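Work through the exercises below with the sequence and the 3D structure at hand. Try each task before reading its solution.

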Amino acid sequence: MTALAEPASERRDTAGLVARRLPGHALEAPFYVSDEFLALDLAAVFSRHWIFVATEAEVPEAGDYVTIDVGPYSVIVLRDDDEQVRALHNVCRHRGSRILHDAAGSVGNLVCGYHQWTYSTDGTLMHAGQQAPGFDKSCFGLKQVAVRSVEGLIFVCLAADPPADFDDVAARITPYLAPHQLRTTKVAAQEDLIEHANWKLVMENNRECYHCEAGHPELTCTFFPTYGYADDEIPKRLLPAHSRYLEATSELERECDARGFPYALISELSGRPTGFRVRREALDGAGESYTRDGRAASRILLGDLDTPRMGRLSLHFQPNSWFHFLGDHIVTFSVLPLAADRTLVRTTWLVHADAVEGVDYDPATLTEVWHQTNAQDGAFVARAQAGVRDPAYSPGPYAPTETDVEEFVAWYIERLKEYANR
């Protein structure tokens with residue numbers, strides 16, 4: 001495929017801003033507001049690195065598909081007739097028409113509605129009507145997109161040569177994810193939120209909890225507001241919460257050791273093409289799930305788990321996703337830029353495939369915490385977007401608890417420099 005490229009006339013300005021980025025500080029305004037940086041981000045980040053797009057539970061049967069828009073690209077993620085997950089460019093090899101137009105559905109074959117070129121679910125061209133002598137159908141299959149499923153999490157990469165370090169990352173996170181058996185889940189709810197902010201502000205907001213104590217009352221029923229603090233820097237008002245955290249953590253580690261579940265922090269959010277962070281951590285309250293009282297929201301536990309009190313397995317991926325694996329359900333989040341100041345945030349809640357709505361789980365209870373938290377975050381980042389557009393804005397320093405924000409921005413700057421030096 002041909003990689004996207006930012007307009008040549010703008011390279012000097014964007015390169016200058018990248019070069020003078022001050023570590024430990026927020027980015028300058030053009031990174032968040034300019035169309036030139038959006039084009040650069042699509043070319044240097046979203047077109048060249050692994051991005052999370054869906055779960056296998058969203059394409060459970062042969063022919064099931066979802067379509068994902070990444071800048072000008074449209075990608076079909078589907079399960080083929082051999083039940084393998086594939087990703088295909090949604091561009092007919094005849095005259096380029098989009099083939100699938102819905103966000104999700106199921107097909108027998110992939111038929112272009114323009115001239116009825118027909119492809120099998122693996123992208124092979126089957127029918128092209130009457131063609132000139134010598135026409136070779138085998139040369140006109142749908143273009144493939146690199147795709148990987150890690151324990152049911154589907155990642156795609158639009159580059160011809162995807163980052164090779166993904167194999168290492170997949171191997172290291174698999175033992176953390178495996179006990180929850182995402183492939184035996186189903187989608188209980190999915191919610192798309194259009195946030196009125198640059199995608200980087202959305203990700204930066206997710207990478208810290210400096211704002212959680214005051215901004216997320218539903219989340220902090222179970223999420224300890226001490227996230228990001230060093231043990232010797234806990235504010236006095238948060239010491240009771242920290243004490244509960246230490247006690248809950250000790251119990252969680254005992255439970256994990258008894259079952260052979262890994263829980264240690266691996267944080268490699270920058271310094272490598274595929275930045276990630278994984279850790280199993282305790283929850284407050286009943287310690288079972290993201291609900292108001294911390295109790296499980298679904299009566300059927302995931303995988304082979306024998307207790308709901310397994311805290312939260314949290315996974316962060318640069319550039320566009322984060323995940324929470326609980327004992328009773330899983331929540332996935334993906335971020336895709338729509339414009340310099342608009343971002344799609346897709347949240348998906350998954351429960352065991354045998355769980356029955358209204359019997360084993362109540363969708364309102366299941367989704368309440370993150371539905372409310374997402375809405376609150378949407379308001380926060382919209383205010384931030386308005387602020388960085390203001391002529392009075394200048395980048396401020398990150399707080400000590402915002403180390404993951406700095407890691408995200410450092411990774412992002414690494415990608416822009418790598419792209420410039422290609």
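**Exercise 1.** Find the bridge partner of Arg-148 in strand 10, and describe how strand 9 and strand 10 pair.

Solution.
- Step 1. The model is a predicted one. In it, Arg-148 has Phe-155 as its bridge partner in strand 10.
- Step 2. Another position to look up is Ser-149, which stands opposite Ile-154 of strand 10.
- Step 3. Strand 9 covers residues 146–150 and strand 10 covers residues 153–157. Five bridges link them, and the pairing is antiparallel.
- Step 4. The hairpin made by strand 9 and strand 10 has two residues between the strands. In this hairpin Glu-151 has a positive phi near 50°.

**Exercise 2.** Place strand 9 and strand 10 in their sheet, and state which strands are at the edges.

Solution.
- Step 1. The sheet is open and has three strands, in the order 1-10-9, with antiparallel pairing.
- Step 2. Strand 1 (51–55) and strand 9 are the edge strands, since each of them pairs on one side only.
- Step 3. On average, neighbouring strands of this sheet are turned by 30° against each other, with direction ignored.
- Step 4. Helix 4, residues 166–177, lies across strand 9 and strand 10. The helix runs at about 25° to strand 9.

**Exercise 3.** Describe the sheet with the order 6-7-8. Why is one side of strand 6 and of strand 8 left without a neighbour in the sheet?

Solution.
- Step 1. This is an open sheet of three strands, and its pairing is antiparallel.
- Step 2. Strand 6 (110–111) and strand 8 (125–127) are at the edges and have a single partner strand each, so one side of each has no neighbour in the sheet.
- Step 3. Strand 6 is joined to strand 7 (residues 118–119) by two bridges. For Leu-110, the bridge partner in strand 7 is Tyr-119.
- Step 4. In the loop between strand 6 and strand 7 lies Gln-116. Gln-116 is not a glycine, yet its phi is positive, about 65°.

**Exercise 4.** Describe the backbone at Glu-83 and at the bond between Gln-318 and Pro-319.

Solution.
- Step 1. Start from the usual case: most residues other than glycine have a negative phi, and most peptide bonds are trans.
- Step 2. Glu-83 has a positive phi, near 65°. Its place is the loop between strand 3 (73–79) and strand 4 (85–89).
- Step 3. The peptide bond joining Gln-318 and Pro-319 is cis, with omega about 5°.
- Step 4. Pro-319 is located in the loop between strand 14 (312–317) and strand 15 (321–325).

**Exercise 5.** Classify the packing of helix 3 against helix 9 by its angle, then list residues that meet.

Solution.
- Step 1. Helix 3 (residues 35–46) and helix 9 (residues 403–420) pack at about 80°, and their axes are 9 Å apart.
- Step 2. Angles of 65 to 115 degrees count as roughly perpendicular, and helix 3 and helix 9 are therefore roughly perpendicular to each other.
- Step 3. On the side of helix 3, the residues in contact include Phe-37, Leu-40 and Asp-41. Among their counterparts in helix 9 are Trp-411, Tyr-412 and Arg-415.
- Step 4. Sorted by class, the contact of helix 3 with helix 9 has nine nonpolar and two charged residues, and no polar ones.

**Exercise 6.** Describe how domain 1 and domain 2 meet.

Solution.
- Step 1. By the domain assignment, domain 1 is 25–48 + 165–421 and domain 2 is 51–162.
- Step 2. The domain centres, taken over C-alpha atoms, are separated by 29 Å.
- Step 3. The contact involves 31 residues of domain 1 and 22 residues of domain 2.
- Step 4. About 2,200 Å² is buried between domain 1 and domain 2, with 66% of it on carbon and sulfur atoms.

Terms used: Residues are numbered from 1 along each chain as its sequence is written. This is a predicted model: local features need pLDDT of at least 70, side-chain atom pairs count only at pLDDT 80 or more; totals for chains, interfaces and linings use all residues. Side-chain values use heavy atoms; hydrogens and water are left out. Axes are lines fitted to C-alpha atoms, for helices over the stretch in contact, and angles run from 0 to 180 degrees between N-to-C directions. Helices (H or I, at least four residues) and strands (E, at least two) are DSSP runs, numbered from the N terminus. Angles under 35 degrees count as roughly parallel, over 145 as roughly antiparallel, 65 to 115 as roughly perpendicular and the rest as oblique. Contact means heavy atoms within 4.5 Å. Ala, Val, Leu, Ile, Met, Phe, Trp, Tyr, Cys and Pro count as nonpolar, Asp, Glu, Lys and Arg as charged, and the others, Gly among them, as polar. Two strands pair if DSSP finds at least two bridges between them. Domain bounds come from an automatic or database domain assignment. Buried area is the accessible area (1.4 Å probe) that two parts lose on being put together, summed over both.
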